[in-house]
Amino acid sequence: MKVKTVYKCANCGYKSPKWAGKCPDCGEWNTLEETEETKSGAKAAKTAVKHPISRLYEVEAGNDQRLLTGIAEFDRVMGGGIVRDSVTIITSPPGGGKSTLSLMAASALAKQGYRVLYASGEESDSQIKSRADRILENIEENIWILADTSMDRVLEAITETDPDFMILDSIQTFSLAEFLPSRAGNPTQTMECASALVAQAKNKKRPRAVLMIGQMNKSDEIAGLRALEHLVDAVLVLEGEGADELRCLVATKNRFGSTGEMGFFTMTETGLASIENPSAYFVTKREKGDAVSGSAIAVLREGSRPVIAEIESLVSPSFTPYPSRISETMKKDTMNTLISILEQRGGIKLYDKNVVVKTTGGLQLKEQAVNLAVLMSIASSVYDKPIPAGWAFIADVGLTGELKRVPSMESRVKELDRMGFEKVFIPAGGMREINLENIQVVEAKFLSQLLKDVFGKKETD
């Protein structure tokens, strides 16, 4: 038992953790009186539980059986499905599709006979039903909906429905009566509500999978304390604005899979659709002879999967003292560094030219393995000479103009080979020998030599 001092209004019964001259509820003056309360109930019972001490080698490994939703990209990011006694939190900007993806996962599991409880503190049951009618072909009978902001009522609903899978939308809208007058969204309420769900999920006699939806703040992080991310087993971020077709699901934490794993979706009228072959999605399909200048192919590493990406550049004359350097897909400082390398080590003068860089599909360029492809796409635009459609470039480029090795070169080249590419340029000694069916691997040491070999020119005027 724990004794706590509170101040209670003699007029309306409002309780406050500290004294005030005026009651915040009824507005009467000098009515708050000091009283003592004994804390008991769920929290006290939870602290009273004694867990046995065990030797590590004697502990039986938990059953890692997973719930497969059939949503290919979601299951892959989760590490092969949802672990039965896991707690996952997913966040995204407003309108990013987190509620849509959660409802799709709920429906997919319900079709397999699992019992699902969807608790929403943001929408009414009729609003959830309207979304379900729009994105789901059929609504399964073993999905239960609860529109309430009381976590106490959610815990009661868990006892009533005995679900295998639970969704909380969003965790920042729920509150426990035990911790009033703290409001929903308060760090105390959010952490205690999340802890109550963890206790439900980790019950050895009845494990359950929990998916919490978290609100995102202005810093593009989960709202509230970072301790919430430490509490859960997996943290998923659904990237993409409301008007964008492309959505990227990223696992920034996963105790049961690879951190950094990424899945791709397109937003359609009927919900999110998996992009199961991103290498085809992020490259413009052109017929032979349709090659265009300003385009080069790179291979990114998104989690454990190589993804082929098309980088496009546009170089045009500038009529101002400060030429534009524009890119929505890579950092401005990185772009400026690469342009300086191209000028100094590649002999291409860009001091009086605007440079715009983007990727097909809006894929973000976050790793150095794409740097050579970026430079080759800019050079292609400057020379107005297309790079053959079946060629690709995988390398970092140093300030010296030397081509540098990058991680996972073998898997990147294998992906190009699988997609039917004819030639790939890599740094000298950049990979070990592997069996390839069609693609030719060409090693190069310096950027200047590669520019000459590909375009047949040394420098621009």
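Cysteine 248 has a relative accessibility of 10% in this predicted model and therefore counts as buried, the cut-off for that class being under 20%. Cysteine 23, at 2% relative accessibility, is likewise classed as buried.

| Residue | Relative accessibility | Class |
|---|---|---|
| Cysteine 23 | 2% | buried |
| Cysteine 248 | 10% | buried |

A disulfide links the sulfur atoms of two cysteines covalently. In this model, a search covering the whole structure returns zero disulfides.

**The four-stranded sheet**

Strands 15, 16, 18 and 17 form an open sheet, arranged in the order 15-16-18-17, with mixed pairing. Strand 15 (295-302) and strand 17 (325-327) are the edge strands, each of them pairing on one side only. On average, and with direction ignored, neighbouring strands of this sheet are turned by 25° against each other.

In general, strands of a sheet pair through backbone hydrogen bonds, in either a parallel or an antiparallel manner. Strand 17 and strand 18 (residues 353-359) run parallel and are joined by three bridges. Within this part of the sheet, arginine 325 has valine 355 of strand 18 as its bridge partner.

**Helices on the sheet**

Two helices are described here in relation to the strands. Helix 10 (residues 371-383) lies across strand 15, strand 16 (305-317) and strand 18. The direction of helix 10 is at about 35° to strand 16. Helix 11 (residues 409-418) also packs on the sheet, where it touches strand 15 and strand 16. The direction of helix 11 makes about 125° with that of strand 15.

Note on methods. Residues are numbered from 1 along each chain as its sequence is written. This is a predicted model: local features need pLDDT of at least 70, side-chain atom pairs count only at pLDDT 80 or more; totals for chains, interfaces and linings use all residues. Side-chain values use heavy atoms; hydrogens and water are left out. A disulfide is a pair of cysteine sulfur atoms within 2.5 Å. Buried means under 20% relative accessible area, exposed over 50%, partly exposed in between (1.4 Å probe, protein chains only). Two strands pair if DSSP finds at least two bridges between them. Axes are lines fitted to C-alpha atoms, for helices over the stretch in contact, and angles run from 0 to 180 degrees between N-to-C directions. Contact means heavy atoms within 4.5 Å.
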